[in-house]
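Reader: I have not looked at this one before. Can you take me through it?

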Amino acid sequence: MPYDDKSAASLAAVKAMESGLAANEMDMTKYFTEDFVWRGNQGSGTKRGIAEFQRNWQFPLRAAFTDRKYETEHFMADGDWASCFGHIDALHSGTFMGVPATNKRVKIPYMDFWRIEDGRIADNPVSVDLAHVLFQLGVDVFDGKGWENYDNGSVEPPKPE
C-alpha cells in the first residue's frame with residue numbers, strides 16, 4: 001500500500017475507534033488487535049489486551065465520568081502510526097482516584113499515539129493529564145509547588161551554579 005494511503009488508513013482506523021468510544025460501544029475487538037498494548041503515563045498503568053483495557057481503563061473511566069464529549073483538537077498520521085491531542089469534557093459523577101463524585105464538569109487532557117496492524121490498533125502509548133483532572137477536583141498533587149509558580153512570578157526559579 002502506498003505511504004499516503006497507509007497514513008489515511010491508519011487515521012481512519014483511529015477515528016472509527018474514537019467514535020466507538022464516544023458512543024459507549026462495548027465490542028472493542030473491531031478496533032484493537034487481541035494482543036494490543038495500551039501504555040499510559042504514571043498513574044494510568046499499562047493494559048495488555050482488550051479485556052484488561054476495558055476492566056482497568058475504559059470501564060473505570062466511564063464509572064467516574066459520565067456525559068463525556070471527546071474534543072479532539074488535531075489528528076496526525078504517518079504511515080502505520082496515527083496520533084492526536086485533545087480533551088474529554090465530562091461530568092465527575094463517580095469516584096476517581098479516591099475523590100468521590102463532585103458533579104463538576106472537568107476537562108481531561110490527553111495525547112494518544114497508535115500503531116496500526118491490518119486495520120486495527122496494536123500499540124497505544126497515551127498520556128492523560130491526571131494531575132490536571134485532580135486539580136479541578138480540589139486535589140493539588142504538587143502541593144502548591146508546581147512550576148506554574150515560576151510562570152506566574154510567585155516563585156523565583158532556581159538557576160544552575
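Reader: Which residue in the hairpin of β1 and β2 takes a positive phi, and how many residues lie between the strands?
Author: Gly43 does, at near 95 degrees, and five residues lie between the strands. Before going on: this is a predicted model, so local features need pLDDT of at least 70 and side-chain atom pairs count only at pLDDT 80 or more, while totals for chains, interfaces and linings use all residues. Residues are numbered from 1 along each chain as its sequence is written, and side-chain values use heavy atoms, with hydrogens and water left out.

Reader: OK. How many helices and strands does the protein have?
Author: Four helices and six strands. Both are DSSP runs numbered from the N terminus: helices are H or I with at least four residues, strands are E with at least two. From the N terminus on, the elements run α-β-β-α-β-β-β-β-α-α.

Reader: What order do the strands take in the sheet?
Author: The order is β2-β1-β6-β5-β4-β3, in an open sheet of six strands with mixed pairing. Two strands pair if DSSP finds at least two bridges between them. The edge strands are β2 (46-48) and β3, each pairing on one side only.

Reader: Mixed how? Which sense do β1 and β6 pair in, parallel or antiparallel?
Author: Parallel, over five bridges. In that pair, Arg39 has Pro125 of β6 as its bridge partner. On the other hand, β1 and β2 pair in the antiparallel sense over three bridges, and Trp38 stands opposite Lys47 in β2.

Reader: And how many bridges do β4 and β5 have?
Author: Eleven, in the antiparallel sense. Phe85 is matched there with Met111 of β5. β3 and β4 also pair in the antiparallel sense, over eleven bridges, and the bridge partner of Glu71 is His87 in β4. β5 and β6 are antiparallel over six bridges, with Tyr110 partnered by Val128 in β6.

Reader: Staying on β5, which side chains point to the buried face?
Author: Val106, Ile108, Tyr110, Asp112, Trp114 and Ile116 point to one face and are buried. Buried means under 20% relative accessible area, exposed over 50%, and partly exposed in between, using a 1.4 Å probe and protein chains only. Arg105, Lys107, Pro109, Met111, Phe113, Arg115 and Glu117 point to the other face and are not buried. In a regular strand the side chains alternate between the two faces of the sheet.

Reader: There is a proline in that list. Where does Pro109 fall, with what relative accessible area?
Author: Pro109 is partly exposed, at 23%. Among the residues Pro109 touches are Gly86, His87, Val128 and His132, not counting residues up to four places away in sequence. Contact here means heavy atoms within 4.5 Å.

Reader: What does its neighbour Ile108 touch?
Author: With the same sequence cut of four places, Ile108 touches Leu61, Phe65, Gly86, His87, Ile88, Ala90, Val128 and Val133.

Reader: Which residues touch the most other members of the largest nonpolar core?
Author: Met17, Phe32, Phe65, Phe96, Ile108 and Trp114, out of 34 residues in that core. A nonpolar core is a set of buried Ala, Val, Leu, Ile, Met, Phe, Trp, Tyr and Cys residues joined through side-chain atoms within 4.5 Å. The elements giving two or more residues to this core include α1 (3-22), α2 and α3 (130-136).

Reader: Switching to α2, where does it bend?
Author: At Gln58, by about 30 degrees, and a proline, Pro60, follows within four residues. The bend is the angle between axes fitted to the seven residues ending there and the seven starting there. Gln58 is also one of the buried residues of α2, as are Phe53, Trp57 and Leu61.

Reader: How far does α2 reach from its first C-alpha to its last?
Author: 20 Å for 15 residues (50-64), close to the 21 Å expected at 1.5 Å a residue. The expected span is 1.5 Å times one less than the number of residues.

Reader: Back to phi. Which residue has a positive phi in the hairpin of β5 and β6?
Author: Asp118, near 50 degrees, in a hairpin with two residues between the strands. Asp118 counts as exposed, because its relative accessibility is 84%. Asn103 has a positive phi of about 60 degrees, although it is not a glycine, and is found in the loop between β4 and β5. Most residues other than glycine have a negative phi.
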